[in-house]
Amino acid sequence: MKKNGFISTAIIYTFFTTFLLLMIFLLNNYSRVHFLLDEVKNDIKEDFVEDDLRDVNLYIYIKNSGSSNYEPVDVLPGGNYNLDSQSCDYDKAYVSYENGQLVINSGGRTTCTVYMSKN
């Protein structure tokens, strides 16, 4: 081996090769992580867009059999009910009651109020 001053050329080539391999490794990791981050960002954006399109607030009022007043409930209880009336803020939205389930059709954000009574 030929020596150039204090450091031999083999050591210089070793450091250069190690540095080059480290840079390739770091760039490869950065590009992979950057691609994954872009995918996650797109998934999050799409999730928020879908949530914006489906933003429906629903208030359910059920008439007790013993009184003529409607009382608010958090969950539609089991059993057969009649849909007495419904109203939504968005003009094109409507609520229907099919097979024991409330079905809401809305093209945008809306708040719907449903009044029901037990059969």
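Which residue is the bridge partner of K63 in strand 4? In this predicted model, in which local features need pLDDT of at least 70, side-chain atom pairs count only at pLDDT 80 or more, while totals for chains, interfaces and linings use all residues, the bridge partner of K63 in strand 4 is Y70. Residues are numbered from 1 along each chain as its sequence is written, and side-chain values use heavy atoms, with hydrogens and water left out.

The chain has one helix and eight strands, where helices (H or I, at least four residues) and strands (E, at least two) are DSSP runs numbered from the N terminus. Read from the N terminus on, the elements follow the order β-β-α-β-β-β-β-β-β. Of the 119 residues of the chain, 13% count as buried; here buried means under 20% relative accessible area, exposed means over 50%, and partly exposed lies in between, with a 1.4 Å probe and protein chains only.

Four strands form an open sheet in the order 4-3-8-5, and their pairing is mixed. The edge strands of this sheet are strand 4 (70-73) and strand 5 (81-88), each of which pairs on one side only. From one strand to the next, the twist averages 30 degrees, a value that rests on axes, which are lines fitted to C-alpha atoms (for helices over the stretch in contact), with angles running from 0 to 180 degrees between N-to-C directions. Strands of a sheet pair through backbone hydrogen bonds, either parallel or antiparallel, and two strands are taken to pair if DSSP finds at least two bridges between them.

Both senses of pairing can be followed from strand 3. Strand 3 (residues 56-63) runs parallel to strand 8 (residues 110-118), and eight bridges join the two. Within this pairing, V56 stands opposite T110 in strand 8, and N57 has T111 of strand 8 as its bridge partner. With strand 4, by contrast, strand 3 pairs in the antiparallel sense over four bridges, and a hairpin of six connecting residues joins strand 3 to strand 4. In this antiparallel pairing, I62 stands opposite E71 in strand 4, while K63 is matched with Y70, as stated at the outset.

The largest nonpolar core holds 10 residues in all, namely I60, I62, Y81, C88, A93, V95, Y97, C112, V114 and M116. Such a core is a set of buried Ala, Val, Leu, Ile, Met, Phe, Trp, Tyr and Cys residues joined through side-chain atoms within 4.5 Å. At least two residues of this core come from each of strand 3, strand 5, strand 6 (94-98) and strand 8, and strand 8 gives the most, with three residues. I62 thus appears both in this core and opposite E71 in the pairing with strand 4.

Several residues of the edge strands are not buried. P72, in strand 4, is exposed because its relative accessible area is 59%, and the C-alpha atoms of P72 and Y59, 13 residues apart along the chain, are separated by 7.3 Å. In strand 5, Q86 is partly exposed because its relative accessible area is 31%; the C-alpha atoms of Q86 and Y59, which are 27 residues apart along the chain, are separated by 9.8 Å. S87 is also found in strand 5 and counts as partly exposed because its relative accessible area is 41%, and the C-alpha atoms of S87 and Y115, 28 residues apart along the chain, are separated by 9.0 Å.

Outside the sheet, the loop between strand 6 and strand 7 (101-105) contains N99. The phi angle of N99 is near 50 degrees, a positive value in a residue other than glycine, and N99 counts as exposed because its relative accessibility is 83%.

On the surface, F19, L22, M23, F25 and L26 make a nonpolar patch of about 490 Å². Patches are made of residues with over 30% relative accessible area and no salt bridge, like charges being joined within 9 Å and nonpolar side chains (Val, Leu, Ile, Met, Phe, Trp, Tyr) within 5 Å. A salt bridge is a side-chain nitrogen of Lys or Arg within 4 Å of a carboxyl oxygen of Asp or Glu, and accessible areas come from the Shrake-Rupley method with a 1.4 Å probe, with only the protein chains shown counting as cover for residues. One of the patch residues, L26, lies in helix 1 (residues 9-53), and L26 counts as partly exposed because its relative accessibility is 45%.
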